[in-house]
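Hi,

Here is the structure I said I would pass on. Have a look at it first, and my notes on what turned up follow below.

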Amino acid sequence: MQVLRWSALGFGVFYGAYHQLSLSAADRAKAAQKEWQHKESLIRQAKEQWARDHPSEQPKRSGAKADPKDPNADLNTLLGITDN
């Protein structure tokens with residue numbers, strides 16, 4: 001009977017330690033996920049703010065010809081490549 005009691009006590013101690021480790025690991029994972037989401041939201045906010053502060057410029061029209069059938073057409077203009 002003593003062996004059964006000591007075995008149950010030992011099993012309970014090891015189970016408690018295992019359960020505590022699994023709970024703390026889950027808490028750490030949840031905290032890491034929350035931190036990651038916070039960083040993502042900060043990056044998203046920074047990108048939105050940058051887009052508001054630096055509106056995209058329209059490509060400037062140059063005097064280059066964009067007619068593909070013209071033998072003197074500018075290849076960069078035909079392909080949409082700009083010097084910006």
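Start with the surface patch: Leu-75, Leu-78, Leu-79 and Ile-81 come together as a nonpolar patch on the outside, and their accessible area adds up to about 390 Å². One of them, Leu-79, sits in helix H2, which covers residues 75-79. Leu-79 counts as exposed because its relative accessible area is 59%, and the cut-off for that label is over 50%. Keep in mind that this is a predicted model.

On the overall picture, the protein has two helices and zero strands. Buried residues account for 2% of the 84 residues. The accessible surface is about 8,300 Å², and carbon and sulfur atoms contribute 60% of that.

Now for helix H1, which runs over residues 2-53. I looked for ring pairs, and the count came to one aromatic pair. The partners are Phe-11 and Tyr-15, which are stacked, with 6.4 Å from centre to centre and 20° between the planes. They count as stacked because planes under 30 degrees apart fall in that class. So how far apart are Phe-11 and Tyr-15 in helix H1? They are four residues apart, so about one helical turn separates them. As for exposure, Phe-11 has 61% relative accessibility and therefore counts as exposed, whereas Tyr-15, at 47%, is partly exposed.

Charged contacts were next on my list. Side chains of opposite charge can pair when their charged atoms come close. How many salt bridges does a search of the whole structure find? The search gives one. It links Lys-39 to Glu-35, and the closest N and O atoms are 3.5 Å apart, which fits the cut-off of within 4 Å. Both Lys-39 and Glu-35 belong to helix H1, where they are four residues apart, or about one turn of the helix.

Are these two buried or exposed, or something in between? Lys-39 is partly exposed, with a relative accessible area of 44%. Glu-35 is also partly exposed, at 45% relative accessibility.

That's the tour. Shout if you want to go through any of it together.

Cheers

Technical notes: Residues numbered from 1 in each chain as written. Predicted model: local features only at pLDDT ≥ 70, side-chain atom pairs only at ≥ 80, totals over all residues. Heavy atoms only, no water. Buried < 20%, exposed > 50% of the residue type's maximum accessible area, 1.4 Å probe, protein only. Areas by Shrake-Rupley, 256 points an atom, 1.4 Å probe, with all protein chains shown as cover. Phe/Tyr/Trp six-rings, centres within 6.5 Å; stacked < 30°, edge-to-face > 60°. Patch = residues over 30% accessible without salt bridge, like charges linked within 9 Å, V, L, I, M, F, W, Y side chains within 5 Å. Salt bridge = Lys/Arg side-chain N within 4 Å of Asp/Glu carboxyl O.
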